[in-house]
Amino acid sequence: MKRSPVSPTVDFEQEGVQHGFLRLPHSRDDSAWGSISIPVTTIKGGEGPTVLLTGANHGDEYEGPIALFDLANRLKADEVTGRVIIVPAMNYPAFRSGTRTSPIDKGNLNRSFPGRPDGTITEKIADYFQRHLLPLADFVLDIHSGGKTLQFVPFAAAHRLADPKQEARCVAAMKAFAAPYSLMLREIDSVGMFDTAAEEMGKVFVSTELGGGGSASATTLAIARRGVRNLLVHAGVISAAPEHAASILLDMPSGDCYITCETTGLLEMCTDLGSPVHTGQVIARVHDIERTGTAPVEYRAARDGILAGRHFPGLIAVGDTLAVIAVPVP
Ligand code: ZN
């Protein structure tokens, strides 16, 4: 395998706090010998586990970058036993353009793993995480939210894994994060995800969806900050008391938790995030926007649960995820 074109300006083995960049050469019209400089902080205090904290895997999700740029400024080496590696904005080109995918190659970083050292810019970033950063980590927290097109109840997530011991470690870390909801997440499409890459390496991996709509609120940001700190405590990297908070455990027992839109039009949600829903209940109506005199199409819940996610923009199209229902675990 070829060498990664990414070179870090920090030494991950060095003690203390270092702020620098993951530098990826990118020759382009406005900078012939330019590079993409992805901010990175590494904080090492003696021997102990390594926690990798990432945000803006998708460029229009903000709880992660805000919480992590802030943590990078605050966390001191003498508070850390082990190592914390912070990348507040993984897909940095996407983050700078405020878009889910990269403006350079349209790459969705969270569908680009394991990446390629000689691929597109997004594939090169994925390859660096795959072969250089993930192997350093014992715990990985990747902070997502809904972005411009989705909105969720704030949850931390773990996946069902082939190895029950690894799954239990991931579930324990998810619960330690103490988001208002903790979800056993059934992915629509897990191929190429950072999650899958980390889990296949045996890491303890936690993801989140903390809100959405393309901005962060004070509430969702407080959840992110508390969760990051709690995860560092759980990993044993900082010694402090965890900040407890009630968390409702949710499951997604089957694929019918997803409601996919089959019409194009104006979205009328008939129930709000976090509300209980019942089998057969109308969740949303989609109105024809091309003519009057046409009845709206109704979308109904296929199972009992709560409304955990929804399409965010006012207009919706065929194939969009309209709603996500999750089932509280007693
Ligand atoms: Zn995301």
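# Questions on a predicted model

Modeller: In this predicted model, helix α3 covers residues 121-133, and its 13 residues reach 17 Å from the first C-alpha to the last, close to the 18 Å expected at 1.5 Å a residue.

Biologist: Is helix α3 mostly covered or mostly open, and how many of its residues are buried?

Modeller: A residue counts as buried when its relative accessible area is under 20%. Among those of α3 that meet this cut-off are Ile121, Ile125, Tyr128, Phe129 and Leu133, and the list also includes Lys124 and Asp127. The helix is therefore mostly covered under that cut-off, and the number of buried residues is 10 of 13.

Biologist: Which residues supply the protein donors of the zinc ion?

Modeller: The donor atoms lie 2.1 to 2.3 Å from the zinc ion, with ND1 serving in each histidine and OE atoms in the glutamate. In sequence, the donor residues follow the spacing H-x2-E-x82-H. The residues asked for are His58, Glu61 and His144.

Biologist: Why is the arrangement around the zinc ion irregular?

Modeller: Four donors would count as tetrahedral if all angles lay between 85 and 135 degrees. The 4 donor atoms here go outside that range, so the arrangement is irregular, and the angles they subtend are 58 to 147°.

Biologist: How many residues apart in sequence are the parts that histidine 58 and histidine 144 tie together?

Modeller: Histidine 58 belongs to the loop between β4 (50-55) and α1 (63-74), whereas histidine 144 belongs to strand β6 (residues 139-144). Both of these histidines are buried. Because they lie in separate parts of the chain, the pair ties together parts whose distance in sequence is 86 residues.

Biologist: Phenylalanine 194 and phenylalanine 205 form an aromatic pair; of what kind is this pair?

Modeller: The structure holds 7 aromatic pairs, and in this one the rings are 5.9 Å apart, centre to centre, with 85° between the planes. Phenylalanine 194 lies in helix α5 (residues 194-200) and phenylalanine 205 in strand β10 (residues 204-209), so the pair links parts 11 residues apart in sequence. Phenylalanine 194 is buried at 0% relative accessibility, and phenylalanine 205 is buried at 1%. Since planes over 60 degrees apart fall in this class, the pair is edge-to-face.

Biologist: Lysine 106 and alanine 178 each have a positive phi without being glycine; which of the two counts as exposed?

Modeller: Lysine 106, with a phi of about 65°, lies in the loop between α2 and α3, while alanine 178, with a phi of about 60°, lies in the loop between α4 (164-177) and β9 (181-184). Alanine 178 has a relative accessible area of 5% and is therefore buried. At 62% relative accessibility, the residue that counts as exposed is lysine 106.

Biologist: Which two residues are joined by a cis peptide bond with omega of about 5°?

Modeller: The proline of this bond is placed in the loop between α2 (92-97) and α3. The two residues joined are phenylalanine 113 and proline 114.

Biologist: Which residues lie nearest the centre of the largest pocket?

Modeller: The largest pocket has a volume of about 550 Å³, and its lining is made up of 26 residues. The elements giving two or more residues to that lining are β7 (150-152), β10 and β19 (321-328). Nearest the centre lie Arg100, Arg111, Leu150, Phe152 and Glu209.

Notes:
Residues are numbered from 1 along each chain as its sequence is written. This is a predicted model: local features need pLDDT of at least 70, side-chain atom pairs count only at pLDDT 80 or more; totals for chains, interfaces and linings use all residues. Side-chain values use heavy atoms; hydrogens and water are left out. Helices (H or I, at least four residues) and strands (E, at least two) are DSSP runs, numbered from the N terminus. The expected span of a helix is 1.5 Å times one less than its number of residues. Buried means under 20% relative accessible area, exposed over 50%, partly exposed in between (1.4 Å probe, protein chains only). Donors are N, O and S atoms within 2.8 Å of the metal (3.2 Å for Na, K and Ca); water is not among the atoms, so sites may look incomplete. Four donors count as tetrahedral if all angles lie between 85 and 135 degrees; four count as square planar and six as octahedral if opposite donors are over 155 degrees apart and all others between 65 and 115; anything else is irregular. Rings of Phe, Tyr and Trp (its six-membered ring) pair if their centres lie within 6.5 Å; planes under 30 degrees apart count as stacked, over 60 as edge-to-face and the rest as tilted. On a 1 Å grid over the protein atoms alone, a cavity is a set of points where a 1.4 Å probe fits but cannot get out, and a pocket is an open set with protein on both sides within 12 Å along at least five of seven lines; lining residues have an atom within 4 Å of a point. Grid points are joined across faces, edges and corners, and a volume is the space filled by probe spheres set on the points.
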